[in-house]
Amino acid sequence: MSTIRLTTSQALVRYLAAQEVEINGERLPLVAGVWAIFGHGNVAGMGEALEAERERLPTLRAHNEQGMAHAAVAFAKASNRRRVMACTTSIGPGATNLVTAAALAHVNRLPLLLLPGDYFASRAPDPVLQQLEVAGDPSLSVNDTLRPVSRYWDRIVRPEQLLTSLPRAVQTLTDPVECGPVTLSLPQDVQAEAWDFPEDFFRPRLHYTRQAPPDQRELARALAALQDARKPLLIAGGGVHYAGACGALRELVERTGLPVAETQAGKGALPWDHPAQLGAIGVTGSSAANAMAQEADLVICVGTRLQDFTTASRTLFANPDCRLLCVNVSAYDAAKHGALSLVCDAVQGLEALKAGLQDWQVNNAWRERAQCETGRWQQVVEQVTAATEVVLPSDAQVLGAVNRAAPDDAVVVCAAGGLPGELHKLWRCARPNGYHVEYGYSCMGYEIAGGLGVAMALPEREVFVLVGDGSYLMMNSELATAVMLGRKLVVVVLDNSGFGCINRLQQICGAGPFNNLLTDCEQGEDGSPSIDFAAHARALGAQAEAVTGIGALEQALERARAARGCYVITLATDPGPSTAEGGAWWEVAVPEVSLRKSVTQARRGYLDNKRKQRRDA
């Protein structure tokens, strides 16, 4: 067996560069690039190895470790989990900055490869700069904080450990069930140590997405449940996109007449104007989808993990005879809420259901009810997103303007706060992957970095980032990275002077406005700041302008689309209103005892809704 002498870092980088996937008949690198912020824990080892392989495995420089990991996650999501990116940091703050993004990837079942540096395995210079000293366990480092948010975690303390750890890491990144973040912790002395690696270890390897067929007994049970149903409803989750099952879904619903609602991750599985499309489901759902869900006697959940926003904290499926049928590649997700399980790939499952149902169709009364509810809902969308000239427009009016300006194949990017709720209800998505909203982890600060990742994964599509002033202030540095890389984003900053969404939730729960809007916070003599977001964006290298009102926003969007590089538009918005129509209850615990009568009243409403919760497994 021939060997080649390489350092641990060189072997790791060479192995990653050799991994490939096939997409639409084209062989592409599995790892599209490595985001790197160098420090003393990775600059000498990983830095030297990445520079040597920069032609095969590009290295990208970011400004914040959490931001670059968000960009990597967004790239993977926009690629339908077919491709991934890696992130390397030094030990210390660089490594702990990865934890939030890793949790985001874990919750959303998205692949992310993390390669943080670590302390010396030899412990010779112990304690080294940035070392976390735990008296009872010298093996611990800050990288251990990444254990609970990683699907696979390993600390490489010998070069030859890569022979077993790297294939397992790649298997996790590409597995439809185990997919999620992978952490390989790399002590800085081990990064530089050499070993004689088998040359065969670095031969190109082509990876495929496993498409598991359904078990025939589960399939028979699922078909029987569908054929018995009088009021069936299908919920499309993110797994529909990741499995490439949008076409199979469309064929099934057009054959059967099944009405379809969509989760945040599933939005765009059907075009917004498809006859079967009911719109968003759950807490941020349309009145059409939620009305049908309350009456449904069978809910077919395809590729969704049934988060509480989808089920309205288990109160949405109100029909006492309602059963759930979960089509999911993960047995863990398929068995939730006491559901009938159909464990399989989404394409395989939908095609098997279509074949098994033969000429079965939804009864006309239920189909007509769905169309009637949808028609009423679309009137609501037109009304609340219409352009009206007010000094402080609502979020709904702003996203309506952006939606009208965006081409059908555009991608809208958002995360956290009130905007995802309005987008889920109101955004009219015409194409798969046109709606990129991170709401599994609801992570403020994801938006701009996520938009960069989307622009890298889908360079042929225009990317519109909607972000509130609160999220913009949390993390905006990757706007400078987008400018540096020449990746265009159109960013609309909605400035409502604080955390408007949580301010509304606070008052719904009976409390007064406190510590959310800037005017309700503790302040010094000069009061709350007046922040010029457009000037700040220009300082980061973007073109930017501040506008007032929807008419001016629409004109600015035309200029933004015509511009070459990143373009930021900022405008003041009203922190108060959100779309009253649609929606459903969400369990947020209200204090049992309070001196405020409004809190006591809210507690009574809370308990009334608690009584409606299903107690399924």
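**Exercise 1. In which helix does Gln294 lie?** Then describe the surroundings of Gln294.

*Solution.* A word on the model: it is predicted, so local features need pLDDT of at least 70 and side-chain atom pairs count only at pLDDT 80 or more, while totals for chains, interfaces and linings use all residues. Residues are numbered from 1 along each chain as its sequence is written, and side-chain values use heavy atoms, with hydrogens and water left out.

Step 1: Gln294 lies in helix H11 (residues 287–295); helices (H or I, at least four residues) and strands (E, at least two) are DSSP runs, numbered from the N terminus.

Step 2: Gln294 has 43% relative accessibility and counts as partly exposed. Here buried means under 20% relative accessible area, exposed over 50%, and partly exposed in between (1.4 Å probe, protein chains only).

Step 3: Setting aside neighbours within four places in sequence, Gln294 is in contact with Leu316, Ala318 and Asn319, where contact means heavy atoms within 4.5 Å.

Step 4: Pro320 is 26 residues from Gln294 in sequence, and their C-alpha atoms are 9.7 Å apart in space.

**Exercise 2. Describe how H16 and H17 meet.**

*Solution.* Step 1: The axes of H16 (residues 395–405) and H17 (residues 419–426) come within 10 Å and cross at roughly 55°. Axes are lines fitted to C-alpha atoms, for helices over the stretch in contact, and angles run from 0 to 180 degrees between N-to-C directions.

Step 2: H16 and H17 are therefore oblique to each other (under 35 degrees is roughly parallel, over 145 roughly antiparallel, 65 to 115 roughly perpendicular, the rest oblique).

Step 3: On the H16 side, Asp395, Ala396, Leu399 and Asn403 meet Leu419, Glu422, Leu423 and Leu426 of H17.

**Exercise 3. How many aromatic pairs are there?** Examine two of them.

*Solution.* Step 1: Rings of Phe, Tyr and Trp (its six-membered ring) pair if their centres lie within 6.5 Å; planes under 30 degrees apart count as stacked, over 60 as edge-to-face and the rest as tilted. By this rule there are eight aromatic pairs.

Step 2: One of them is Phe309 with Trp586, edge-to-face at 4.6 Å centre to centre and 70° between the planes. Phe309 is in helix H12 (residues 308–311) and Trp586 in the loop between strand E23 (567–572) and helix H24 (597–610), so the pair ties together parts 277 residues apart in sequence. Phe309 is buried at 9%, whereas Trp586 is partly exposed at 32%.

Step 3: Tyr472 and Phe533 also pair edge-to-face, at 5.4 Å centre to centre and 90° between the planes. Both Tyr472, at 1%, and Phe533, at 3%, are buried.
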